[in-house]
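Reader: I am new to this structure and would like to understand how its descriptive words are earned. Could you take me through them with care?

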Amino acid sequence: MVGTRNLIVRSLALRHAIKNTVRPLLTNTNLHSRISKSSLFAATLASSSYSSHLSFHHSRSLSSASASPGLILVDSAEEFDKILSKVQDDSLHAIFYFTAVWCGPCRFISPIVGELSKKYPNVATYKIDIDQEAIQDTLSRLQITSVPTLHFFQNGKKTDELIGADVARLNHITEKLFKKD
């Protein structure tokens, strides 16, 4: 009983701290001027944000699990295998984006991958959350050991791979492979 009470008290204290310190920090349009260098949470937010203005009420999500328009979520090994077979059999262009909700670099690059799916509508972009239990065997088979990892397929064949949130290399690969004819 005492342990439960302490947990509730800590939870209320944390909720109060977040409400009174984090929310005003995030809704301020001048985010970088308000971030304390000693705040790990704030520094992580600043480094993983795609723009200098974030808000919980803004349409951009900090979660990498939600799909941007143009991204297709893959939820199981069977679904992944079916999609991969279709890409290979029909000689399609595709990007397989392996990500995780907890991954800062994934949150950074996710909106950029979403924009690429709009820029190249003839390239199917599939988003796979590596923390799904149903996909673990597939990840082992593909040797996905780091996130973000992107596999690029051109005409049904894997032509390139990107590990990490290297935006310049991501843009170079997509321009090289999928440049509009």
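Author: What follows takes up a few descriptive words in turn, for a model that is predicted.

Reader: What makes β1 and β5 the edges of the sheet?

Author: The open sheet has five strands in the order β1-β3-β2-β4-β5, with mixed pairing. In that order β1 (71–74) and β5 (157–163) each have a single partner strand, so one side of each is left without a neighbour in the sheet. Neighbouring strands are turned by 20° against each other on average, direction ignored.

Reader: How do you know that β4 and β5 count as paired?

Author: Pairing asks for at least two bridges between two strands, and six bridges join β4 (residues 149–154) to β5, the two running antiparallel. As one example, T149 has I163 in β5 as its bridge partner.

Reader: What makes you say that helix α7 packs on the sheet?

Author: Contact means heavy atoms within 4.5 Å, and helix α7 (residues 167–178) touches β2, β4 and β5, while its direction makes about 165° with that of β5.

Reader: Why is T125 called buried?

Author: The word applies under 20% relative accessible area, and T125, with a relative accessible area of 1%, is therefore buried. This residue lies in strand β3, and, once residues up to four places away in sequence are not counted, T125 touches G70, L71, I72, I95, V113 and S117.

Reader: How do you know that the buried residues of α7 line one face of the helix?

Author: The buried residues in α7 are L170, I173, T174, L177 and F178. Seen down the axis of α7, the buried residues fall within an arc of 95°, so they line one face. An α-helix has 3.6 residues a turn, so residues three or four places apart point the same way. The face turned away from the buried side of α7 carries the exposed residues A168, H172 and K176, whereas the cover over its buried residues includes β2, α5, β4 and β5.

Reader: Which residues touch the most other members of the largest nonpolar core?

Author: That core has 35 residues, and those touching the most other members are F96, F152 and L170. At least two residues of this core come from each of β1, α4 (77–89), β2, α5, β3, β4 and α7. Leaving aside neighbours within four places in sequence, L170 is in contact with I109, I112, V113, L116, L150, F152 and L162.

Definitions and conventions
Residues numbered from 1 in each chain as written. Predicted model: local features only at pLDDT ≥ 70, side-chain atom pairs only at ≥ 80, totals over all residues. Heavy atoms only, no water. Helix = DSSP H or I, 4+ residues; strand = E, 2+ residues; numbered from the N terminus. Axes fitted to C-alpha atoms, helices over the stretch in contact; angles between N-to-C directions. Core = buried A, V, L, I, M, F, W, Y, C linked by side-chain atoms within 4.5 Å. Buried < 20%, exposed > 50% of the residue type's maximum accessible area, 1.4 Å probe, protein only. Arc of directions from axis to C-beta.
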